[in-house]
Amino acid sequence: MARYGDRDRKRRRSRSRSRSRSPHCYHHAASSLSTSRHQRRQSPFKPVISSHRETESSVSVPLPALEHREELLQALKDHQVVVCVGETGSGKTTQLPQFLHACGAYTSSKRDGDEISQCIAITQPRRVATVSVAQRVAEEMNTRVGGDGPVGYSIRFESRCSDNTKLKFLTDGVLVRECLSDPLLKKYSVVMLDEAHERSIHTDLLFGLLKQVLDRRPGFRVLITSATLDAERFAKYFGKPSEKKSKKVKPCPIVKIPGRVFPVDIFHSKQRQIMGHRGPLSTYVRAAVETTMQVHNSEEPGHILVFLTGQREIEDACAQIRALYKDQEKRSDGLDLRVLPLYGALQGSRQREIFDSVPIDRVRKVIIATNIAETSLTIDGVRYVVDCGFTKQKVYNPVQQMESLVIVPISKVSAQQRAGRAGRTVPGKCYRLYNKTSYEEMAQETVPEIQRTNLANTVLYLKLLGIQDVIGFPYLDPPDEDSLLDALKQLYVLGALSDTGEATALGKLMAAFPLEPKLSRALVESLLLDCSHEMTQIVAMLSVENVFIEIHRKRKDHDERESEDWEQRMLALKEDGLLHEDGDQLTYRLLLRAFESKSRKIHDRRALERWCEDRYLRFRALTMAGSIVKQLRDIIDTLSRRDLDAVMKNNNRRDLSLDDRLRQALCAGFFMNAARRCTMETVYRLLYSDGKAQLVQFHPLSAMCYSAPPEFCVYQELVVTSKPFMRGALAVERRWLDYFGNDKLNVSNSQLYALCGRKAPVEAKVQEELMDTSQVNLVDASKPVTVTADAVAAARARFLERKKRS
């Protein structure tokens with residue numbers, strides 16, 4: 001059971017008494033409430049909100065953004081870039097777009113050069129936030145999203161916009177793709193980058209791209225907004241020289257919208273965050289459950305928002321809270337409890353349940369969410385926040401070419417954002433499941449995604465935009481050079497880049513699809529093999545979240561029973577003919593075909609959902625896959641014959657069976673992710689792992705676990721949890737790997753730097769250091785100097801270290 005302590009010396013005398021009254025005793029860390037000393041000594045689970053505040057919370061208070069409307073519009077009129085720092089609840093996300101629309105200066109038909117710009121783009125890092133914000137703004141403007149209304153949105157594989165759209169909400173990734181066809185973004189008069197502090201990879205890329213657009217479009221405007229932001233740094237990045245030939249930069253203006261609408265009390269627990277080799281050691285899930293129940297039992301009406309790291313934890317916590325609530329006595333006032341999960345893979349209808357209106361004096365909602373609820377989403381009535389202090393991040397290792405999902409402590413910025421959720425619509429409280437020392441040790445900001453993710457798509461976009469030197473691109477926070485070189489290598493071996501580093505005809509075709517390069521390469525190959533119709537089904541299934549529903553159990557029996565559950569489910573699918581012996585991708589196609597066939601026969605949505613549940617399949621994933629298939633086929637229909645002819649080859653591979661053609665097409669995209677079976681049938685060794693014998697296994701939910709193991713296979717991705725697992729595994733033949741590899745994987749660093757129009761810096765540095773060494777050690781000039789691989793590696797490491805310091 002979690003315990004909470006206060007290190008305030010004035011309260012030490014009363015600790016024993018407070019502990020006897022309540023198992024939880026919080027440290028009141030950052031109260032913005034002017035409560036009396038007597039009130040602060042009370043248990044935080046007891047009501048401390050005065051009747052005066054309750055009266056105030058019922059009165060509609062104008063959002064602070066309104067007071068800064070004229071200041072913001074004037075700044076945008078006078079400057080190309082404005083940075084807006086608004087605290088949580090200031091109305092920056094919903095109100096600023098409406099200010100820009102209402103003023104008429106950016107949405108009326110006007111000419112910017114030869115083009116008409118009459119639309120405002122507002123970006124969000126997440127799809128759920130993009131849709132919900134668009135719906136909220138449309139509601140406030142008394143209109144509807146899409147159709148002939150002024151508000152629309154566009155996310156990957158879904159768009160609700162028209163020629164009448166004036167306010168277009170879109171994910172930052174969609175705007176990056178629009179840059180490919182419209183590098184100057186001529187249809188937009190203003191681009192507003194919201195939640196910039198999250199530093200998604202696409203937002204960071206847009207910083208550099210918009211900076212180039214600003215130089216070529218004087219009438220173009222950029223508004224950067226966030227609740228917490230290093231404003232001076234951004235202002236300097238987008239600033240301009242104060243004088244010609246001067247290195248001094250005049251920063252762009254900063255508009256600050258201070259203060260939350262309502263105050264928030266913050267309490268820290270006694271628990272310190274402790275990280276082990278495989279993640280946190282603290283039992284924060286159980287602590288979150290206990291804290292949530294005590295808030296419900298002791299505090300006044302108001303919804304509770306609980307932050308956990310992922311789907312498994314959320315479903316586990318939901319089950320625990322429901323069980324505890326069922327077993328306990330109800331409150332004297334009859335306040336009911338409704339537990340709702342929220343994560344990206346959740347079905348859309350269940351996601352929308354969190355916004356359903358309920359009588360707040362009779363029903364308390366408990367929303368248990370990932371950091372998807374950290375920004376932009378406003379859930380009316382949330383008064384209490386429980387923050388576990390951790391988040392799940394995807395981290396890419398360019399050396400091993402492996403992505404890992406790791407749980408790490410959040411940043412201070414994220415902690416502030418989470419606390420702010422409690423003060424959006426009423427005064428609130430935030431219970432942090434970590435002590436103040438842990439908070440002080442947190443990083444100030446989240447590590448930018450561009451410094452911890454696979455950059456292959458990013459580099460391809462830059463190349464298609466004509467940016468040759470992707471290493472020297474003006475990133476706000478440059479990614480590690482090894483990551484950029486790894487991305488260049490991926491694109492080069494896939495055939496997307498030529499020997500000179502320019503995008504090839506194949507690379508241009510790959511970029512036509514909003515997919516990662518390996519998938520788009522497989523789809524292009526399927527066009528050549530005349531099986532693209534079927535390949536779109538496979539690619540769509542690989543593009544959605546996990547198709548299978550995972551079973552969540554308590555940790556004590558998790559390891560023993562989970563594998564048994566998986567085996568029973570997969571064998572049941574095999575009996576139904578829905579498991580393909582050649583691998584997961586072909587199995588996914590069978591599942592989607594069965595779902596679509598059932599959809600045509602069953603018109604009752606609930607019956608179709610039950611069909612999916614009986615097979616532990618995600619209804620939302622299969623529905624989304626069907627939508628993606630249609631859009632991919634629409635894209636294929638728009639491809640020009642000329643672009644297709646440019647990559648066509650004369651071959652006889654079309655005579656193969658359909659399954660073999662599909663496997664070959666997938667091999668074309670994933671041949672570098674190849675593995676060979678060891679003597680143990682369940683263990684494989686990666687073929688291309690920089691000389692290291694990396695051993696991997698099939699994921700327990702892989703179809704390959706239930707058929708004869710092939711000698712060679714390829715996989716979609718490696719995921720490291722308890723051990724390295726191959727996800728999306730497919731049987732292939734050695735000759736296919738040789739055909740597509742064709743010695744491309746043996747690429748030197750010099751070749752990779754040449755793809756950027758650069759010379760490799762290491763060789764020059766090595767020669768310089770060798771010259772220095774020869775001058776110091778003039779023992780025998782007649783003996784040749786031997787350059788070992790270790791010496792090169794050591795010199796390169798020293799060079800990179802010096803470069804980081806400079």
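**Exercise 1. Strand pairing from E24 to E28**

In which sense do E25 and strand E26 (residues 695-698) pair, and over how many bridges? Establish this, and then follow the pairing through E24, E27 and E28.

*Solution.* The model is predicted, with local features requiring pLDDT of at least 70 and side-chain atom pairs counting only at pLDDT 80 or more, whereas totals for chains, interfaces and linings use all residues. Residues are numbered from 1 along each chain as its sequence is written, and side-chain values use heavy atoms, with hydrogens and water left out.

Step 1. Helices (H or I, at least four residues) and strands (E, at least two) are DSSP runs numbered from the N terminus, and two strands pair if DSSP finds at least two bridges between them. E25 and E26 satisfy this with three bridges in the antiparallel sense, and arginine 685 has leucine 695 in E26 as its bridge partner.

Step 2. Strand E24 (residues 674-677) is joined to strand E25 (residues 683-686) by three bridges, and the two run antiparallel; they form a hairpin with five residues between them. E24 is also joined to E27 by three bridges, again running antiparallel. Alanine 675 takes part in both pairings, with leucine 686 as its partner in E25 and cysteine 713 as its partner in E27.

Step 3. Eight bridges join E27 to strand E28 (residues 724-732), the two running antiparallel, and a hairpin of three residues connects them. Within this pair, leucine 718 stands opposite methionine 726 in E28.

Step 4. With buried meaning under 20% relative accessible area, exposed over 50% and partly exposed in between (1.4 Å probe, protein chains only), seven of the nine residues of strand E27 (residues 712-720) are buried, so E27 is largely enclosed by the rest of the structure.

**Exercise 2. The eight-stranded sheet and its helices**

Determine the strand order of the open sheet that includes E2 and E13, and describe which helices pack on it.

*Solution.* Step 1. The open sheet of eight strands has the order E7-E6-E8-E5-E9-E10-E2-E13, with mixed pairing. Its edge strands, each pairing on one side only, are E7 (158-160) and E13 (254-257), and the twist averages 20° from one strand to the next.

Step 2. Strand E2 (residues 81-86) runs parallel to E13 and is joined to it by four bridges, with cysteine 84 opposite valine 255.

Step 3. Taking contact as heavy atoms within 4.5 Å, helix H5 (residues 92-103) packs on the sheet and touches E2, E5, E8, E9 and E10, its direction making about 165° with that of E9. Such angles run from 0 to 180 degrees between N-to-C directions, and axes are lines fitted to C-alpha atoms, for helices over the stretch in contact. Helix H7 (residues 172-181) lies across E5, E6, E8 and E9, running at about 100° to E8.

Step 4. Glutamine 98 lies in H5 and counts as buried because its relative accessibility is 15%. Apart from neighbours within four places in sequence, glutamine 98 is in contact with Val137, Glu140 and Met141.

**Exercise 3. The packing of H19 on H23**

Classify the packing of helices H19 and H23 from their angle.

*Solution.* Helix H19 (residues 532-543) and helix H23 (residues 619-638) pack at an angle of about 135°, with their axes 8 Å apart. Angles under 35 degrees count as roughly parallel, over 145 as roughly antiparallel, 65 to 115 as roughly perpendicular and the rest as oblique; H19 and H23 are therefore oblique to each other. Residues making the contact include Met541 of H19 and Leu632 of H23.
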